[in-house]
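Notebook open, structure loaded. I want to jot down how the strands and helices fit together, then check the cysteines.

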Amino acid sequence: MRIATVILDIQTQALDAPYSYLVLDQDGSAVPGALFSDSDLGLGDPVLEELTAAGHEAQVGCAVLVPFGGRRAVGFVVALADYEQDQAGEWRTVAGDPLPEGVSPAKLKPLAAVLSAPYFDEEGAACALWMARRYVAPLSSCVRLFAPPGCVPRVVNGRDGWRLEKPVVGQVDDRWVVAGPAADGFVPRKGAVKQQAVLDAVRRGDVRLAELSAEFGAVSSAVKALESNDAVRVERRRRMRGMDQQGESESFVPSPKPDLTDGQQRALDAIRSAADAPEGGVVLVDGVTGSGKTEVYLQAIEHVLEQGRTAVVLVPEISLTPQTVARFRGRFGQQVAVMHSRMSQGERFDQWDFVRSGQARVVVGARSALFTPVRNVGLIVIDEEHEGSYKQDSAPRYVARDVAVWMARRAGAAVVLGSATPSIESLHACKTDPRWTRVELPERANGNPMPRVDVVNMAAEFGSGHRSMFSRKLSQALQAELAAGHKAVLLLNQRGFAKFLLCRDCGFVPECPQCSTSLTYHERGSFIICHHCGHSRPAPPVCPECGSPYLKKFGAGTQRVEDELHALIGTFPAPANGAQVIRMDADTTSAKGSHQRLLEEFGQADAAVLLGTQMIAKGLDFKDVTLVGVINADTQLHLPDYRAGERTFDLIEQVAGRAGRAELPGTVIVQTYEATNPAIRAAASYDRGLFLGEELPKRRLLGYPPYVRLANVLVWGRQEEAVRGEAQSLAAQLTRLVADQGGPGWSCLPAAPCVLAKLRNTYRWHILVKCPADADVSAVLEPFFRKRQASQVVNVAVDVDPVDLL
């Protein structure tokens, strides 16, 4: 008797548990085997017949159709086990394990159908189950991470009841017309012009039917006539969307490997040692911007590929530029698969399938690339490991770094964490965990010094009568660099034309009716919008509250900075006044391909200014960028979040690294109203020790990572009183729970509204649970939340190891 453990693809707390089903053979006997269909569960359904036509066997990772209550449901097989009866009549596996608790063979229902080949293997299933426990997440959401984008069948409830639907994407097959056995000798009848044209084209080489149609018009009948005479054949060939269809040239030459610096060689040696060790290891490459971390990654990947293993490289979404991808493809050619959100769903599926085929041996992508079906992993690289985007903000709320470390330890692989500004947690782990190694790269690979950083006190500028958002020093430097034909990068970490409108008579600020935040003003189109939910309306000409015409625009968004930058450049003498301004933010890069187009435009310009938000702070490598300006370094500094100082320090150091990366020296000008703040002073002097000396004692005193672990329990819903009541009740229960089961160092803070107390018309509260850094917070919280009765009107989720508390 074979039993399959199945996770239903239904995200509801009430069904958040594995279910057991019998695997039947073709004849319906309960023996190890393939299938299959029960006439009461869809035999005759054309969609079901199409999905089961391949005759897939039940394996771990397959999508299956199962009976559930009075309906059908799709699920994923996460375990298979064969049972036999012993002399006492008990069912046990070969290893002697009994049936799962509560499972009775007589009551088991059979799998209705196997709908797909495996999406993942036993390791993938183990990882999904581990993540569900560690992050107190729905099992189905964890398993879904390993399924291909848009390629899972689903059961939906329509007018005629529950029905099975095919996946929305799949592989694309093109029809190709190729020469048949009679191609050389066949002569079309007189007047068959299209037949002759098609035949002439095919004699020169294989051609797509779509290309023939584009060239000669409707050719279907001509092709059929030629095919009937064996002059041509029509073949179906797989087309990989978004990939070069010509394949890799036989003359592909990998990019040259430069000589490594002493620091790079030490880092590479440490990574090779970790990759070769049976238990693997974690290596933190702590290198300044421009120190050559990417070259270290490339040579480390080469090392594991030579051993017959594979590599995964994670890059923050905003850093996943064509420049980045080109570095890896330049070294490893068509062995590289790429996964990111700017690709269409079909393109992502084709890349996923490319990985599953085994042809892709290096996977480069955002955090989701970690879950592609790559086999025999020897190395996982996480570039810019400090980035908050490695934390998923919806279920399962995982930390990619921690999942990668878990995966690598089981595979005996190495994890490489690279950053010029490593997270405080990673630095702490290197000091406290013997399995972590830190290697420093304190100098740039080309031997050039780091750019000088000048801090401009904007309060003093204002006090001296200078009212422009560009300080005198920044304006003068900008003019000089543009006149020399160089480039500049200006960072403003927010979008929109102004942060908000404010009535100078009554103090009224237009706010979003669905979120507890002010509306952002956009000059072009003169409208105000909420960047959380999208609510927008025309900007009022007068104050809606008191009718005053004195509505002042406060703050500076990228649109406003762009307009004032154009005005400033217009005052420069030639040739500086002809410099191009290129704006990159979430608005200008929303269209597919716009990110790459804007970067190419900047790279090809003679003298230009790249103005942008955080997406320009990292991953860009232009040799002629000699000036970096931070318009307002205070943007994140006073957010009510314990990481605010760390994020400010990181951002300044990262964006400073864009200047002076080649022969030309660089300068960085940081404008701030908080010139004495430790984070800004430390970043300006490249003195991490100064920053940590101020930051770590505060975190230890107040109880924040790395000295404690956190779990943020989120409570939200549309009814304000219900949300408040549920949050307060839950806080009381959790206080008792940690007192009974937590032990010393555990605490539960009272329920409180989130900083964004209202978002997209839902009210938001949270409860913070703290425990010692080495404690297992999930072991206490997970059983409680699995058993908890879900509310009909209030949602609850647990965010283990949150990266912010907003």
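Which residue in strand 17 does Val313 stand opposite? I looked it up, and the partner is Val381. Worth writing down at the start: this is a predicted model.

**Entry 1: strands 14 and 17.** I went from that residue pair to the strands themselves. Strand 14 covers residues 310-314 and strand 17 covers residues 377-383. They pair in the parallel sense, over five bridges. My reminder to self: strands of a sheet pair through backbone hydrogen bonds, either parallel or antiparallel.

**Entry 2: the whole sheet.** Next I traced the sheet around that pair. I get an open sheet of seven strands with parallel pairing, in the order 15-16-14-17-18-13-19. At the edges sit strand 15 (336-339) and strand 19 (436-441), each pairing on one side only. From one strand to the next, the twist averages 15 degrees.

**Entry 3: helices on the sheet.** I then asked what lies across these strands. Helix 7, residues 262-276, lies across strand 13 (281-287), strand 17, strand 18 (414-419) and strand 19. Its angle to strand 19 is about 160 degrees. Helix 10, residues 345-356, lies across strand 15 and strand 16 (362-365). For helix 10 I noted about 145 degrees to strand 15.

**Entry 4: strand 21.** I moved on to residues 487-491, which make up strand 21. Is this strand mostly covered or mostly uncovered? It is mostly covered, with five of its five residues buried. I checked which way they point: Lys487, Val489 and Leu491 go one way, Ala488 and Leu490 go the other way, and all are buried. I underlined Lys487, a lysine on the list of buried residues.

Then I looked for the partners of strand 21. It pairs with strand 28 (residues 608-612) in the parallel sense over five bridges. It also pairs with strand 29 (residues 625-630), again parallel and over five bridges. Val489 stands opposite Leu610 in strand 28 and opposite Val628 in strand 29.

**Entry 5: cysteines.** How many disulfides does a search of the whole structure find? Zero. I followed up on Cys151, which is in no disulfide; the nearest cysteine sulfur is that of Cys62, 13 Å away. The cut-off for a disulfide is 2.5 Å between sulfur atoms, so that pair does not qualify.

I also looked at exposure. Cys151 has a relative accessible area of 12% and Cys430 is at 17%. Buried means under 20%, so I put both down as buried.

Methods: Residues are numbered from 1 along each chain as its sequence is written. This is a predicted model: local features need pLDDT of at least 70, side-chain atom pairs count only at pLDDT 80 or more; totals for chains, interfaces and linings use all residues. Side-chain values use heavy atoms; hydrogens and water are left out. Two strands pair if DSSP finds at least two bridges between them. Helices (H or I, at least four residues) and strands (E, at least two) are DSSP runs, numbered from the N terminus. Axes are lines fitted to C-alpha atoms, for helices over the stretch in contact, and angles run from 0 to 180 degrees between N-to-C directions. Contact means heavy atoms within 4.5 Å. Buried means under 20% relative accessible area, exposed over 50%, partly exposed in between (1.4 Å probe, protein chains only).
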